[in-house]
Each structure stands twice: as C-alpha cells, then as structure tokens.
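Student: I'm new to this one. Could you pick a part of it and take me through it up close?

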Amino acid sequence: MAASSAIDDLLALMAALRTPGSGCPWDLEQDFRTIAPYTIEEAYEVADAIERGDMDELKGELGDLLFQTVFHARMAEEQGAFTFADVARAITGKMRERHPHVFGDADARDAEEQTRQWEAQKAEERAAKGRAGLLDDVPVGLPGLTRAVKLQRRAARIGFDWKNPRDVLDKIAEETEELVDVIGSGNQDRIEDEFGDLLFVMANLSRHLNVDPEAAIRRANEKFSRRFRHIEKRLAETGRAADGATLEEMEKLWVEAKGMERG
C-alpha cells in the first residue's frame, strides 16, 4: 500500500471515530488537553523501543505516535483551525527553509556549520514571532531535565557556560553542600529549591559529557529493575518474598546481581 493511501485510511478512521452519533464515545469526549498526556507517553514509548533495539515494537510505537498527530489534527479541523494536510505542509516548508544547503544555494561544510545555520534561522523565526529572548521558545512542557539541557545549551551559545566538566563537578559539590545545609532546617520549600538547583547542574554535566539525561535515567531505571528482579527471583527460590527479607540479605543479592552483569 502506498504511503498516501495508508495515510488516507488512517485519516478516514479518525474521522469515523470522531463522528457524532456513530463514533466512539471515548474519542468524542476528548480534547487537546486530555489527549496531550497520551501524546507524551507515546513519544516515550518510541524512545523505549529504540533503546531496546526492537524494530517490530518501534514500528508499532511510531504508528501510535502518528495516531496522536492525526487525533490532534482532526480535533483542530473540527474547529476550523487547520487540517492534517496543513500540518504536513507546514513541517515540509519548515524543513526546506532550515536546510538551504540541501534545497537551496547555501553551503554547509560539515554538521557543525549546519547547526550554526539552523540556530540562526531559528533565531530569525523567534524574532518574527515576537520572541526576542534567547530562551523564550524553549517549551515549558518538556521533561524537566530535557528542558534544563535546552536552556543551558541556548545560554552557552553566547558564552554563558562552564568551560569543562571539572568546573561543573565543582559546582555540583557546592550545590550538594547547600542541600545538606538546608535539609537540617526542615524547610521543605527551601529543600525543594536546593534539590532543583542540584538537578539543574547535573543536567549541565550531562550536556558537557554529551549524555542525554533522559536516556541515562531510563538506563538507570532499567538497571535498578533488573537487579531488583534478581533479588526477588533468588528469594523466591528459597520460598520467600522480598518483603520478608532483611536489608542485609537484599544488599548481598544486589551485589550478586552486579557481579553477574559484569561477568
């Protein structure tokens, strides 16, 4: 099936789901705000499939994410705002404008030069939208660590940045001391504030190390889950559950799991 025909089928399906009287009651009740969390969730599931290298899963998750785009476009069309075709034309036009070295006469010698051109074009777009501030169009809805990295990367373009990871590590030590001091105060608002500062600097370190903090925390989450499942499995072999084991027993099995992973 041609891509255009497959898209037409998907658009027709979405229209049917949103048709009053004959459509799906749940789909008809939704609006942009209620669907937005699902859109974010589907994007994370795409990232998860990529992380696991599961191409069959990735195909399905990309379809789920595409469906979210179609859902939003259908609701906008019902309001007379725009259509799916408008969305496709808009992104095609934007990508052509941002790649003049491919679709125009500009020359990009390497990826670094292309990035500079891209950022210059984005700055022009921000100015045209009345967003003169360097940070004005960094979306507030991004995951916190991702937004932190984007904010820091923008500031770094004009030299507001540490020169190397060692400087960032020194700042982490400073922020850690401040958090320790405020923990003793019992002031939860100040604790949250200082903890946020520490996370923000950790995100900055990830940028200097060329590490995606969201990917890193997903990896750490999976590692924790894998090792904890090992604890549960080993305890089950003796007829016990994790909630009946001592901390010392679980820590011993945790070290065992680490040793197995390291071969």
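**A close look at two helices**

Tutor: Sure, and keep in mind that this is a predicted model. Let's start with Glu61, which has its place in helix α4, residues 55-78. Is Glu61 buried or exposed? Its relative accessibility is 9%, and buried means under 20%, so Glu61 counts as buried. Leaving out residues up to four places away in sequence, Glu61 touches Glu42, Glu45, Val46 and Ala49. You can also look across to Tyr44: Glu61 and Tyr44 are 17 residues apart in sequence, and their C-alpha atoms are 9.3 Å apart in space.

Now move along the chain to helix α12, which covers residues 247-261. With 15 residues at 1.5 Å each, α12 should span 21 Å, and its end C-alpha atoms are indeed 21 Å apart, so the two values agree. Which residues of α12 are buried? They are Met250, Leu253 and Ala257. Look down the axis of α12 and these buried residues fall within an arc of 65 degrees, which means that they line one face of the helix. What do they pack against? The buried residues of α12 pack against α11, residues 213-236. Turn to the face of α12 pointing away from that buried side, and you'll find the exposed residues Glu248, Lys252 and Val255. Finally, just after α12 comes Gly263, with a positive phi of about 75 degrees.

Terms used:
Residues are numbered from 1 along each chain as its sequence is written. This is a predicted model: local features need pLDDT of at least 70, side-chain atom pairs count only at pLDDT 80 or more; totals for chains, interfaces and linings use all residues. Side-chain values use heavy atoms; hydrogens and water are left out. Helices (H or I, at least four residues) and strands (E, at least two) are DSSP runs, numbered from the N terminus. The expected span of a helix is 1.5 Å times one less than its number of residues. Buried means under 20% relative accessible area, exposed over 50%, partly exposed in between (1.4 Å probe, protein chains only). The arc is that of the directions from the helix axis to the C-beta atoms. Contact means heavy atoms within 4.5 Å.
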